[in-house]
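Dear colleague,

Please find below the structure that I am handing over to you, followed by a summary of what was found in it.

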Amino acid sequence: MPNSRVYIPTAVDLLPESKLYRLIENRKVFTMGNCELNIYETYQSAESIQLKFNDLVITSMIRGKKIMHVHDDVSFDYIPGESLIWQANKWMVIDFPEATEDNPTQCAALTISNDEILETLHFLNRKYPRLEESGDWKINMEQFFLLNSEDFTAAINKMIKVSMDSSRMKDTFAELALRELLLKLMQTQARQFVEAQYKEMASYNRFAAMIQYVQENIHQRISVNDLCRKVYMSRPTFFRIFKREFGITPIEYIIKEKMKLAKDILLNSNITINDVAYQCGFNSVNHFIKTFRQFEKITPLQFKKMQYPGVIL
């Protein structure tokens with residue numbers, strides 16, 4: 001199990017063998033008003049498969065593993081729990097090192113018209129402007145690789161479900177779901193960018209300074225009131241704007257970071273669950289166990305045993 005929770009889109013039924021017309025990047029297409037969902041399946045290993053789209057595309061791995069080659073000299077594994085944003089009319093080069101008939105890859109690729117993207121950005125910038133230091137809403141094409149967040153994955157799942165709907169209102173539902181997906185994409189990008197750059201940004205970005213404070217005090221109980229003072233906002237304003245910027249509440253962010261710390265301690269030490277709880281700033285071990293189970297869907301001891309069978313804490 002990886003040291004962070006993995007959010008994978010719901011698997012789509014694989015095509016039966018009788019309907020496969022090719023073994024490499026077999027494609028199913030679901031067309032909507034301003035977007036098109038493609039489900040790609042590959043059933044044999046292959047190298048240097050080239051692919052490009054006429055519009056911006058959001059891809060998300062569902063099954064198996066690919067190796068992506070970008071910018072001529074950069075390559076990386078692409079696995080479930082990860083997504084990519086790719087420019088229109090730009091080639092991607094893909095290897096399928098492990099694909100077989102029993103272990104196929106499956107990837108969702110959603111192409112979105114430029115008009116729809118511009119209309120969504122205009123709507124958000126007009127109705128829900130971001131903090132001045134954050135700039136306008138936009139899709140950061142340089143930040144093309146994403147670890148799926150829970151809400152981003154939920155938005156992908158909604159898009160997949162809508163695309164397969166036979167309702168006469170399909171295009172209307174798709175437009176609403178697409179706007180939600182684009183918002184979740186930008187929130188996830190914004191959060192992961194600030195999390196990676198908070199030290200450099202802390203002097204001029206209030207939420208980067210807040211994240212730095214959380215990281216420096218992660219072993220202690222963190223007061224939301226202290227964070228409000230850090231960003232010079234009232235509690236209601238702080239919660240509303242943080243949620244708008246990053247897609248989660250400040251409390252959800254703190255818990256996420258404390259759970260990340262807890263898993264790191266569980267993986268790399270043999271201290272008791274009680275001591276793990278106190279090192280993560282919990283005053284009650286019962287509260288820690290309850291929070292861990294809500295976030296990870298298993299208890300701390302179960303997590304530890306999955307890594308080291310037979311362990312006793």
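Which strands does helix α2 lie across, and at what angle does it run to β2? Helix α2 (residues 150-163) lies across β1, β2, β4 (56-63), β7 (82-86), β9 and β10, and runs at about 95° to β2. Helix α3 (residues 170-201) also packs on the sheet, where it touches β1, β2, β4, β7, β9 and β10, and its direction makes about 90° with that of β10.

Please note that this is a predicted model, in which local features need pLDDT of at least 70 and side-chain atom pairs count only at pLDDT 80 or more, whereas totals for chains, interfaces and linings use all residues. Residues are numbered from 1 along each chain as its sequence is written, and side-chain values use heavy atoms, with hydrogens and water left out.

As to terms, helices (H or I, at least four residues) and strands (E, at least two) are DSSP runs numbered from the N terminus. Contact means heavy atoms within 4.5 Å. Axes are lines fitted to C-alpha atoms, for helices over the stretch in contact, and angles run from 0 to 180 degrees between N-to-C directions.

The sheets

One open sheet has six strands in the order β1-β2-β9-β4-β7-β10, with antiparallel pairing (strands pair if DSSP finds at least two bridges between them). β1 (26-31) and β10 (145-147) stand at its edges with a single partner strand each, so one side of each has no neighbour in the sheet. Within this sheet, β2 (residues 35-42) and β9 (residues 105-112) pair in the antiparallel sense over eight bridges, and Y40 stands opposite C107 in β9.

A further open sheet has four strands, ordered β3-β8-β5-β6, again with antiparallel pairing. Here β3 (46-51) and β6 (74-78) are the edge strands, each with a single partner. Strand β5 (residues 66-70) is joined to β6 by five bridges, with V70 opposite V74 in β6.

The helix pair α6 and α7

The axes of α6 (residues 235-246) and α7 (residues 250-268) come within 9 Å and cross at roughly 65°. The two helices are therefore roughly perpendicular to each other (65 to 115 degrees). R235, F238, F239, F242 and K243 in α6 meet P250, I251, E252 and Y253 in α7.

A buried serine

S223 lies in the loop between α4 (206-216) and α5 (224-231). S223 is buried, with a relative accessible area of 18% (buried means under 20%, with a 1.4 Å probe and protein chains only). Its side chain reaches the backbone nitrogen of N225 at 3.2 Å.

With kind regards

Notes:
Parallel < 35°, antiparallel > 145°, perpendicular 65-115°, else oblique. Buried < 20%, exposed > 50% of the residue type's maximum accessible area, 1.4 Å probe, protein only. Polar contact = N/O pair within 3.5 Å; in protein donor to acceptor, adjacent residues only side chain to side chain.
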